[in-house]
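Me: I have a protein model open on my screen and would like a close look at one part of it. Could you pick a buried charged side chain and walk me through its surroundings?

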Amino acid sequence: MERYYQPEIECASRDDIERWQSERLVNQVRRVWENVPYYRKKMEEKGVTPEDIRSVEDLKKLPFLSKADLRDCVRIHSTSGTTGKRVVAFYTQHDIDLWEDCCARALTAAGATKEDVVQVSYGYGLFTGGAGLDGGSHKVGCLTVPMSSGNTDRQIMFIRDLNATIICCTPSYAAYLGERMKELGLGPDDIPLKAGIFGAEAWSEEMRQDIQKTLGIKAYDIYGLTELSGPGVSFECSAQAGMHINEDHFIPEIIDPDTGEVLPEGAQGELVITAVNKEAFPMIRYRTKDICSLTYEKCPCGRTHVRMTKPKGRSDDMLIIRGVNVFPSQIETVLLNHGYAANYQILVDRVNNTDTFEILVEMTPEMFTDSIGKIQELQKTLSMGLVSMLGIRPKVTLVAPKTIARSEGKAVRVIDKRKI
Ligand code: DLL
């Protein structure tokens, strides 16, 4: 077995996992109490001291931490992000080692061995995708191609020339690679890829099927966030049935995002993570805003670490349109089920105090037509599919192939012009 399949950790008994978590949590809480005045103040405000934290059972006594806290207390901003200032994370060498181990586990779970050639097409630089998967790939001993994102034709050329067997990029970029290959007259048999590790944005099960078919690979999900190191907080195994959270480093909880109450196994809510091994940037009860659920059920792969479902999107990605909750990932599911690709844009505005809701959807080259009657019919069918998924009716506008901008990183799906 490969070095980065670590059954003594990944298949440990629940008792062992909880014992490690408890020991590490107790140490981490003591460390932040002694060294981080901000945490100490937050704990004092809640009336908790390190003596109150004896095991994972006591986690719920601790205060939550949010992105706003990071901005307030640490003052380490970078260039502006989409929802505000970017938060920058810091790492010690120990933290980088742990992070790369997590990515190495993810690659191994997707079948990587030192015989593989891994093309890393996540962005390098401030974004954690490139560095994380690059480090993990080196740890496994794969030949690593540090492509970064962009220049799609060159990506395809490298895959073919260097015999890349595994690709790492965002799912929307993987879909675009497939689309570009088709345009170049290339099919799945023309490329040596066998697997892809796709994350950094929400993507549907339908999109997985689509990518698997066009690239001829098995598509694995990977989850993570900068504040907790980057990719590799959790990853999919060959069962493709939820992502195993690296529980020797991260303790997950699911809470009701409105009340903060901890929810039972299986309930959907906001994922909260406590990192018990990080040195430079301790994160205790960090609210990720990502909506998912957890299962401790046995996984066919043998790993015992808890699995999280694919995040539906962030709670702040959720649109409330005319009072109805809408996740872009639900729209994606309907589009792919109707034979469209995931090339769409959601436009929301408010006119005369009423929300307007329009979805621009690209026709695929195969369905492209300039017959108005035919287009109206397609729009009507799609609109009906969307109503039954969402409970409200969007205006559907079909547009010609290649009119919606493609992304090389995380796709921008929503334009919300309402000033709420
Ligand atoms: O996106 C880290 C990453 C890089 C993960 C490469 C996977 C692969 P951030 O830029 O800080 O970090 O964004 C983190 O992206 O809170 C989720 O909302 C979203 N996200 C990440 N992975 C997934 C996923 C990286 N597999 C934010 N499914 C998170 C759904 C995801 N959403």
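Reply: Happy to; what follows is a walk around Asp-95, with a short visit to Glu-332 afterwards.

Please keep in mind that this is a predicted model. Its mean pLDDT is 91, and 95% of the residues reach 70 or more. Residues 74-81 are a stretch to treat with care, since pLDDT stays under 50 there. Where pLDDT is low, the predicted coordinates should not be read in detail.

Now to Asp-95, which you will find in helix H5, spanning residues 93-109. Asp-95 is buried, yet no salt bridge is made. Lys-278 is the nearest side chain of opposite charge, at 4.9 Å, and a salt bridge requires a distance within 4 Å, so this pair does not count as one. What Asp-95 does have is a backbone partner: a polar atom of its side chain sits 2.8 Å from the backbone nitrogen of Ala-280. Beyond its neighbours within four places in sequence, Asp-95 is in contact with Phe-90 and with Asn-277, Lys-278, Glu-279, Ala-280 and Phe-281.

For the wider setting, the protein is divided into domain 1 (7-316) and domain 2 (320-416). The contact between them takes 21 residues from domain 1 and 16 from domain 2.

A second acidic residue to visit is Glu-332, in helix H10 (residues 328-337). Glu-332 counts as buried because its relative accessible area is 2%. Leaving out residues up to four places away in sequence, Glu-332 touches Trp-203, Ser-204 and Met-207, along with Ala-342, Tyr-344 and Arg-413.

Terms used:
Residues numbered from 1 in each chain as written. Predicted model: local features only at pLDDT ≥ 70, side-chain atom pairs only at ≥ 80, totals over all residues. Heavy atoms only, no water. pLDDT = per-residue confidence, 0-100. Contact = heavy atoms within 4.5 Å. Helix = DSSP H or I, 4+ residues; strand = E, 2+ residues; numbered from the N terminus. Buried < 20%, exposed > 50% of the residue type's maximum accessible area, 1.4 Å probe, protein only. Lys, Arg positive; Asp, Glu negative; His and termini not counted. Polar contact = N/O pair within 3.5 Å; in protein donor to acceptor, adjacent residues only side chain to side chain. Domains from an automatic or database assignment.
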